[in-house]
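Here is a short briefing on one protein chain and its ligand. Please keep the model open while reading.

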Amino acid sequence: MDKFRIVGGKKLSGTVRVSGAKNAVLPILAAAPLLDGRMEITNAPHLSDIATLMRILSTVGVKCDREHSGRVWAEVSDPRSSTAPYSLVRTMRASFNLLGPMWARRGYAKVSLPGGCNIGHRPVDLHLKGLRALGARIRVEGGYVVAEGEPVGGRIYLGGSFGSTVLGTCNVLCAAVLAKGDTTIEGAAMEPEVQDLCHFLIACGAEIEGVGSHLLRVHGVKELKGASWKVIPDRIEAATLVIAGLITNSEILVEGLRPEHLSAVLDRFDAAGVRIEVGEDSIRTLPREGRIRPLDLTTYPYPGFPTDMQAQFMALLTLADGISVVTERIYPERFIHAAELTRMGALIRREGASAVIQGVERLSGAPVMASDLRASAALVLAGLVAEGITLVDRVYHIDRGYERIEEKLRSLGADVERVQE
Ligand code: EPZ
């Protein structure tokens, strides 16, 4: 099993480029069964999650491949097979988003319910509520969801106690675009990745209004063509790389990002008193005198602070000059990384859905265990600044969402290598 061996304490320098957004590629790829024609994504990152979804697409009659240029394409070849298997779906939750598109285009879909997840309870009740509101006859049998019938426009409220569901909005939207009549989706998620899916579907001929708001209005169409699409930059990878510069107190340039997707994170950088220069499509980190300021941080649906940046920001706060409080409003259990950071000398205690972090002067390298995609990124960031050697185990988690991150960090001067042990 691969590990990352990190020798901490190196200053970073240079420029690094952000890849295309994993969480934009996944719902767009999952929409392939909707289309009469070929879709292609020109800047899809090389990630195991995307490879997994491509394997699942091939089990439901969609041919897909990645060309050397990095271009990923998908096209329906045999719409008769419409069962997405548990063995693959359980490894990658976003594959549940095949349900809406397959049902809407074929009148039938059978998709395994996703398995458990390290970051917390992740039901799909809102996905099913939305598809039922569009006329789907849904039953659960043997761990699979079966959806049958013809999609008819309707009025849907997708909000929940936590706000809105990102993949739930995508799943329901991908059924509404081919439904007979009009659909309103209230309480829709408005993450940039949801907006990118909307724009892609519009490029395929869908009629969607309210993109970027919590109220989407869809006028169903009879057919959607394929389209070529360049997904948005990965805002989570971008902010993770910025923190690599900040936590090592270095000057680096992270380019190819969209600052307007990171307003909540930039606000917390400002509260931390770090020095950054925000450009048109880049963020430069600058060395600062002294330690960063402690702060409070709470995760919310977009445009609030993204839960997918919580662990990485916590790594930075372990070195703040005082006490910070990080509160999770999306996944209250998403703190497995806190215990691992404690092994590196951080002082963190849990208080319900919050973690209280008493800043320390330094971290020390240790063997640590990655538990989910973003927690593993947090441990790598901590390893960059910790004294001594950090071994991050189970880095297959990080390969799910970060394209060649050790190469990107090494290009900045970090001493990170992938080892087999
Ligand atoms: C997406 O997951 C992202 N994944 C997650 O990123 C991200 O953490 C999450 O949104 C929140 O921003 C992809 O886009 C592939 P949700 P998703 O449905 O859509 C509750 C990463 O690191 N909920 O928005 O599955 C749920 O329990 C991953 O790239 C219901 O109650 O998340 C949670 O509290 C990790 N019922 C909240 O909504 C439902 O039917 C947000 O979940 C669906 C969700």
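β16 runs antiparallel to strand β17 (residues 282–286), and four bridges join the two. Within this pair, R275 faces L286 of β17. The model is predicted. The points below start with the sheet around this pair, then turn to other strands, loops and the ligand.

**The sheet with β16 and β17**

- The sheet is open and has four strands, in the order β2-β15-β17-β16. Its pairing is mixed.
- Why is one side of β2 and of β16 left without a neighbour in the sheet? β2 (13–17) and β16 (275–278) are the edge strands, and each has a single partner strand, so one side of each stays free of a neighbour in the sheet.
- Ignoring direction, neighbouring strands of this sheet are turned by 15° against each other on average.
- Helix α8 (residues 235–247) packs on this sheet. The helix touches β2, β15 (251–255), β16 and β17. The direction of α8 makes about 175° with that of β15.
- The loop between α8 and β15 holds N249. N249 is a residue other than glycine, yet its phi is positive, near 55°.

**The sheet with β6 to β9**

- Another open sheet of four strands follows the order β6-β7-β9-β8. Pairing here is mixed.
- β6 (83–84) and β8 (137–141) form the edges, and each pairs on one side only.
- Two bridges link β6 to strand β7 (residues 108–112) in the parallel sense. A84 stands opposite V111 of β7.
- Helix α4 (residues 99–106) lies across β7 and β9 (144–148). The helix runs at about 160° to β7.

**Pairs around β23**

- Strand β1 (residues 2–7) pairs with strand β23 (residues 389–393). The sense is antiparallel, over five bridges.
- K3 has D393 in β23 as its bridge partner.
- Strand β22 (residues 367–369) also joins β23, through three bridges. These two strands run parallel.
- P367 has L391 in β23 as its bridge partner.

**Pairs around β5**

- Strand β3 (residues 39–41) and strand β5 (residues 72–76) are antiparallel and share three bridges. E40 stands opposite W73 in β5.
- Strand β4 (residues 62–66) is also antiparallel to β5, with five bridges. V62 is matched with its bridge partner V76 in β5.
- β4 and β5 form a hairpin with five residues between the strands. In this hairpin, G70 takes a positive phi near 95°.

**A cis peptide bond**

- Which peptide bond is cis, with omega near 10°? The bond from Y302 to P303 is.
- P303 sits in the loop between β18 (296–299) and α10 (310–317).

**The ligand and its shell**

- How many residues surround the ligand? The shell has 24 residues, and the closest are D125, L126, T165, L167 and D308.
- By type, the shell divides into eleven nonpolar, six polar and seven charged residues.
- Four helices each supply at least two residues of the shell: α1 (22–30), α5 (125–133), α6 (166–176) and α12 (373–385).
- A polar side-chain atom of D308 is 2.6 Å from an oxygen atom of the ligand.
- A polar backbone atom of L126 lies 2.7 Å from a ligand oxygen atom.
- The side chain of R93 has an N or O atom 2.8 Å from an oxygen atom of the ligand.
- On its own, the ligand has 810 Å² of accessible area, and the protein covers 90% of that.

How values were computed. Residues are numbered from 1 along each chain as its sequence is written. This is a predicted model: local features need pLDDT of at least 70, side-chain atom pairs count only at pLDDT 80 or more; totals for chains, interfaces and linings use all residues. Side-chain values use heavy atoms; hydrogens and water are left out. A residue is near a molecule or strand if one of its heavy atoms lies within 4 Å of it. A polar contact is a pair of N or O atoms within 3.5 Å; within protein, one must be able to donate a hydrogen and the other to accept it, and residues adjacent in sequence count only if both atoms are side-chain atoms. Accessible areas come from the Shrake-Rupley method with a 1.4 Å probe; for residues, only the protein chains shown count as cover. Ala, Val, Leu, Ile, Met, Phe, Trp, Tyr, Cys and Pro count as nonpolar, Asp, Glu, Lys and Arg as charged, and the others, Gly among them, as polar. Two strands pair if DSSP finds at least two bridges between them. Contact means heavy atoms within 4.5 Å. Axes are lines fitted to C-alpha atoms, for helices over the stretch in contact, and angles run from 0 to 180 degrees between N-to-C directions.
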